[in-house]
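Me: I should like to learn how to read the features of a structural model one by one. May we begin with the backbone and then turn to the ligands and the aromatic rings?

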Amino acid sequence: MTFSEQKQSNSKEQRRLLVTGGAGFIGSNFVHHWCKQYPGDRVVVLDALTYAGNRQNLSSLAGHQNFHFVQGDICNDALVNALLKEESIDTVAHFAAESHVDRSILGPDAFVRTNVVGTFTLLDAFRQHWERRNQPKSDRFLHVSTDEVYGSLGPDDHPFTETTPYAPNSPYSASKAGSDHLARAYYHTYGMPTIITNCSNNYGSYHFPEKLIPLMCINILMGKPLPVYGDGQNVRDWLYVGDHCSALDVVIHKGKPGETYNIGGNNEVKNIDLVNKLCEVMNELAADLPIRPAQKLITFVKDRAGHDRRYAIDATKIKTELGWTPAETVDGGLRRTIEWYLHNRDWWQPLLSAEYQAYYSQVYTQV
Ligand code: NAD
Ligand code: TYD
């Protein structure tokens, strides 16, 4: 018996998961994590394959007998109802979302549709399914959310806790806040075993090129300008995606229905320091950089509208109540991530499509 099989046989129950958004960045990392840790569990992915979804992120699972991929929209209630029933789902891990702040500034409609209406569709379909099955206590609806719902911190403010009032500032964070409130209401009104997690900025493999870390890595490799918004002093708390997945695993198995858990990396970094660090490691690891040192490419550009100054997470609750802490350091995680982008050009090159170039020139008009 392998270690994973032993772990599975020791765990109390086998689960049947519906993972929405499982072809995206965090969702696909989570699916890989779950299939490795719990090979006896059923994992059904529902993903619309928007520009951010990529079937290739899951291609290595093609032969896994308990894995099943369905292309479809979380707003399609007939499809969601049928999947919950046919697959006897007992656990929803809900990642599907429009996730990029800059795109939410350009076009908020899709954010309200998927993040608010889509989450509502899933919650209500799962409620009916859970009630039909006589409300099993071990069922879970995990709603994966962001620290951005709490708004922006000043330099000396205490990091966000689970009781920090919501104050979302972008259409993205406002739509995620709306979905969090719905998830909360489904526990308080119907008793549905819903748990919300609010996590800081993730980084790692399969991260779509539009986000800060992959964008900088790819631009360094291509010798293109590195666009730093405003004065570069904005602060984010960075968490390696594998640590986010292990936190969600713990929350599904040990978290309490109706609760919220903040997840963070204890790694507050200013954007400009992060970009300099990426340049340093790229200078060291990449033999064939078009421009060297990569720092020469750093270009300050017009600030993002409504740009939140600082995010930071107080993750005491998940540590003390569920025993989770991150395993990866920011130096170790960044090095692993840079190596991944260096060795997986076949993954990211096709993503720099005409659609992506059009988006890029809309956001980065000055670069
Ligand atoms: P992503 O943009 O990489 O992936 C989103 C996935 O959802 C894609 O595969 C896409 O095809 C799918 N999707 C979009 N609309 C859909 C729809 N209507 N129906 C079905 N599928 C749809 O996002 P990500 O970075 O992996 O984020 C996943 C979740 O984690 C999101 O809910 C996000 O708010 C949250 N989150 C992200 C971060 C981060 O740093 N990336 C941090 C905290 C929380
Ligand atoms: P991002 O990865 O978009 O995540 P979020 O906005 O959800 O935190 O951006 C992280 C930080 O990096 C944020 O402060 C905006 C900044 N940023 C840049 O300076 N330049 C860029 O090209 C991008 C994409 C982000």
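Me: Where is the place of Gln-135?

Reply: In this predicted model, Gln-135 belongs to the loop between α5 and β5. Its phi is positive, about 55°, although the residue is not a glycine. Most residues other than glycine have a negative phi.

Me: Is Gln-135 buried, partly exposed or exposed?

Reply: Exposure is read from the relative accessible area: under 20% is buried, over 50% is exposed, and values in between are partly exposed. Gln-135 has 40% relative accessibility and therefore counts as partly exposed.

Me: What is phi of Asn-134, and where does that residue lie?

Reply: Phi of Asn-134 is near 60°, again a positive value in a residue other than glycine. Asn-134 lies in the loop between α5 (109–132) and β5. With a relative accessible area of 68%, Asn-134 is exposed.

Me: Which residues does a cis peptide bond join?

Reply: The general idea is that most peptide bonds are trans. Here a cis bond joins Arg-292 and Pro-293, with omega about -5°. Pro-293 is in the loop between α9 (271–285) and β12 (298–301).

Me: Let us turn to the ligands. How many residues surround ligand 1?

Reply: A residue is counted around a ligand if one of its heavy atoms lies within 4 Å of it. By that criterion, 28 residues surround ligand 1, and the closest are Ile-26, Asp-47, Ser-99, Tyr-172 and Lys-176. By class, the shell divides into 13 nonpolar, 12 polar and three charged residues.

Me: Which atoms of ligand 1 lie at short polar distances from Ala-48, Asp-73 and Lys-176?

Reply: For such contacts one looks for N or O atoms within 3.5 Å of each other. A nitrogen atom of ligand 1 is 3.0 Å from a polar backbone atom of Ala-48. In the case of Asp-73, a polar side-chain atom lies 2.9 Å from a nitrogen atom of the ligand. An oxygen atom of ligand 1 is 2.6 Å from an N or O atom in the side chain of Lys-176. As for cover, the protein takes up 96% of the 840 Å² of accessible area that ligand 1 has on its own.

Me: Which elements give two or more residues to the shell around ligand 1?

Reply: They are α2 (25–37), β5 (140–146), α6 (171–190) and β7 (201–203). The most comes from β5, with three residues.

Me: Which residues come nearest to ligand 2?

Reply: Of the 18 residues around ligand 2, the nearest are Glu-148, Pro-227, Arg-304, His-307 and Tyr-364. The shell has eight nonpolar, five polar and five charged residues. α7 (212–222) and β8 each supply at least two residues, and β8 gives the most, with three.

Me: How should the polar contacts of ligand 2 with Pro-227, Tyr-229 and Arg-304 be described, and what are their distances?

Reply: One separates backbone from side-chain atoms. A backbone N or O atom of Pro-227 is 2.8 Å from a nitrogen atom of ligand 2, and a backbone N or O atom of Tyr-229 is 2.9 Å from an oxygen atom of the ligand. For Arg-304, a polar side-chain atom lies 2.5 Å from an oxygen atom of ligand 2. Taken alone, ligand 2 exposes 510 Å², of which the protein buries 97%.

Me: How many aromatic pairs does the structure hold?

Reply: It holds 22 aromatic pairs. The rings of Trp-34 and Tyr-38 have their centres 4.7 Å apart and their planes at 45°, so this pair is tilted; the tilted class covers angles that are neither under 30 degrees nor over 60. Trp-34 and Tyr-38 are both buried.

Me: Which residues do ring pairs link into a cluster?

Reply: The cluster comprises Tyr-51, Phe-208, Tyr-229, Tyr-356, Tyr-359, Tyr-360 and Tyr-364. Among these, Tyr-229 also has the backbone contact with ligand 2, and Tyr-364 is one of the residues nearest to that ligand.

Me: Which charged ends sit over the rings of Tyr-51 and Tyr-360?

Reply: The charged end of Arg-103 sits over the ring of Tyr-51, 3.6 Å from its centre. Over the ring of Tyr-360 sits the charged end of Lys-224, 4.4 Å from the centre of that ring.

How values were computed
Residues numbered from 1 in each chain as written. Chains lettered and ligands numbered in written order. Predicted model: local features only at pLDDT ≥ 70, side-chain atom pairs only at ≥ 80, totals over all residues. Heavy atoms only, no water. Polar contact = N/O pair within 3.5 Å; in protein donor to acceptor, adjacent residues only side chain to side chain. Areas by Shrake-Rupley, 256 points an atom, 1.4 Å probe, with all protein chains shown as cover. Helix = DSSP H or I, 4+ residues; strand = E, 2+ residues; numbered from the N terminus. Nonpolar A, V, L, I, M, F, W, Y, C, P; charged D, E, K, R; others polar. Phe/Tyr/Trp six-rings, centres within 6.5 Å; stacked < 30°, edge-to-face > 60°. Buried < 20%, exposed > 50% of the residue type's maximum accessible area, 1.4 Å probe, protein only. Lys NZ or Arg CZ within 6 Å of the ring centre and 35° of its normal.
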